[in-house]
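Here's a quick tour of how protein and DNA meet in this one, followed by a look at a single helix. Have the model open as you read.

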2 protein chains.
Amino acid sequence: MILSESIEDYLKAIYALKKEVGKVVTTQLAERLEVKPASVTGMVRKLADMKLVTYKPYQGVALTKAGQKVALEVIRHHRLLELYLNEIMGLPWDKVHQEAEKLEHAISEELEDRIDQLLGHPTTDPHGSPIPSKAGKVNNSSSKKLSEMKRGEKAKIAEVRDEDSELLRYVGELGLFPGKSFEVVNVAPYKGPMTLKIKSKKIIVGREAAKQILVNKISAWN
Amino acid sequence: MILSESIEDYLKAIYALKKEVGKVVTTQLAERLEVKPASVTGMVRKLADMKLVTYKPYQGVALTKAGQKVALEVIRHHRLLELYLNEIMGLPWDKVHQEAEKLEHAISEELEDRIDQLLGHPTTDPHGSPIPSKAGKVNNSSSKKLSEMKRGEKAKIAEVRDEDSELLRYVGELGLFPGKSFEVVNVAPYKGPMTLKIKSKKIIVGREAAKQILVNKISAWN
DNA sequence: GATATTATTTAGGTAAACCTAAATAATATG
DNA sequence: CATATTATTTAGGTTTACCTAAATAATATC
């Protein structure tokens with residue numbers, strides 16, 4: 001099956017929106033893909049004809065098994081590439097998303113396999129997102145937003161949104177990389193900044209940035 | 001300047017044909033690009049409008065300075081990628097062309113620079129083709145075809161055509177890699193095979209394959 | 001030098017993926 | 001519940017890069 005880059009991007013976006021918002025509607029798809037809603041309607045009808053999505057006008061879109069398979073393959077390419085570019089080639093973590101966005105459509109299955117092998121079959125990318133397996137399994141550790149944590153709670157950084165380069169530079173300078181453990185020592189009111197303690201070092205992070213960071217809580221009995 | 005993949009491919013093909021045949025005509029361009037001659041006419045007119053080529057109907061096409069610059073940038077991407085894929089990632093030399101063909105349009109200038117740096121600013125790709133410098137200089141060592149050599153002559157393998165995977169597997173099995181020195185010990189008549197001696201080991205190579213191999217003669221007084 | 005052949009161009013058409021503007025459906029508000 | 005607002009779709013248009021078929025130009029052959 002030969003699918004255009006556009007189609008792959010649509011399927012990827014539908015997968016992501018489903019994960020983030022639950023329901024996938026025309027306007028949001030259009031916004032994320034930076035096209036007009038009318039264009040989304042047209043493409044979504046086409047995807048439905050191809051049995052890659054199910055679509056009821058005014059009701060929303062959902063991936064079929066076949067559509068999800070394609071989406072996960074593209075996401076696997078993307079995240080393997082991000083990790084390779086960062087870890088092996090030394091590109092900064094705030095640059096790899098943009099680069100992978102183009103390369104994900106260009107690499108062959110053989111190159112994908114080789115990258116996977118060179119990286120030792122990794123399971124997460126540099127931003128903490130899970131890398132789908134070749135068979136299409138994804139480790140979706142149900143994590144919560146850092147911005148919703150309360151004072152005194154402890155957690156580990158799980159995942160940072162990878163689309164925004166500026167966010168990543170900011171978060172990276174603070175040392176908030178996936179895997180880092182911390183405690184919330186203060187939460188300023190009026191959507192103010194949060195103060196975290198990482199190994200006795202205090203850092204301050206804005207609430208907006210904190211919304212873009214997912215964490216895994218460390219239970220009290222650990 | 002944002003140029004489509006098609007445009008980049010046309011410019012690359014025009015550059016290559018000019019090098020190989022001297023004159024670039026519609027039919028040959030069409031053949032190489034696997035499109036119809038009528039399509040070439042249309043695109044070439046467009047390229048002329050963009051000042052990337054000069055074009056006189058029925059007379060042929062030639063790259064302008066601007067067009068050559070683009071062509072060399074794409075070729076630089078291609079050859080750096082081939083070398084990276086082969087040398088660093090361990091892909092066989094008969095697979096890298098196909099992969100680079102897609103990736104050359106997808107990598108950023110920053111990634112190009114990083115690859116160049118990781119490879120130590122190389123000057124030839126795995127098939128012996130020169131890698132244009134960032135400034136657009138190419139080392140075109142004027143070499144001749146192996147198929148045209150006579151018995152007793154000595155030379156070094158300079159370059160093997162990279163488009164044909166089967167040819168590369170064949171030539172690779174014979175050990176005829178760029179840089180290898182040899183002597184022609186026999187040339188069978190009627191376009192028959194040639195017998196070469198590499199370090200006292202005799203190998204036999206068909207005349208058709210020999211046409212695809214460029215060599216640098218080693219002068220007698222060396 | 002007329003005619004056949006080959007090369008090239010012109011004219012008109014298609015598919016993909018977008019667009020804008022207008023129409024319609026769904027939802028919210030007084 | 002009538003009306004305003006927002007979401008979505010429909011209709012028709014654009015651009016890119018192809019295509020086929022027909023016309024024309026260049027070249028080769030008798």
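## Phosphate contacts

In this predicted model, B:Lys46 has a polar side-chain atom 2.3 Å from a phosphate oxygen of DNA strand D. Helices (DSSP runs of H or I, at least four residues, numbered from the N terminus) that give two or more residues to the surface near that strand are H2 (26-33) and H3 (37-49) of chain A, plus H1 (5-21) and H3 (37-49) of chain B. "Near" means that a residue has a heavy atom within 4 Å.

Chain A joins in too: a side-chain N or O atom of A:Thr41 sits 2.7 Å from a phosphate oxygen of strand D, and for A:Thr26 the distance is 3.0 Å.

## A look at H3(A)

H3(A) runs for 13 residues and spans 19 Å from first to last C-alpha, close to the 18 Å expected at 1.5 Å a residue (1.5 Å times one less than the residue count). Its buried residues (under 20% relative accessible area, 1.4 Å probe, protein chains only) are A:Val40, A:Met43, A:Val44, A:Leu47 and A:Ala48. They share one side of H3(A) because they cover an arc of only 145° around the axis, taken from the directions from the axis to the C-beta atoms.

On the face turned away from that side are A:Ala38 and A:Asp49, both exposed (over 50%).

## Reading the numbers

Residues count from 1 along each chain as written, and chains are lettered from A and ligands numbered from 1 in written order. Local features need pLDDT of at least 70 and side-chain atom pairs 80 or more, while totals for chains, interfaces and linings use all residues; side-chain values use heavy atoms, without hydrogens or water.

Definitions and conventions
Polar contact = N/O pair within 3.5 Å; in protein donor to acceptor, adjacent residues only side chain to side chain.
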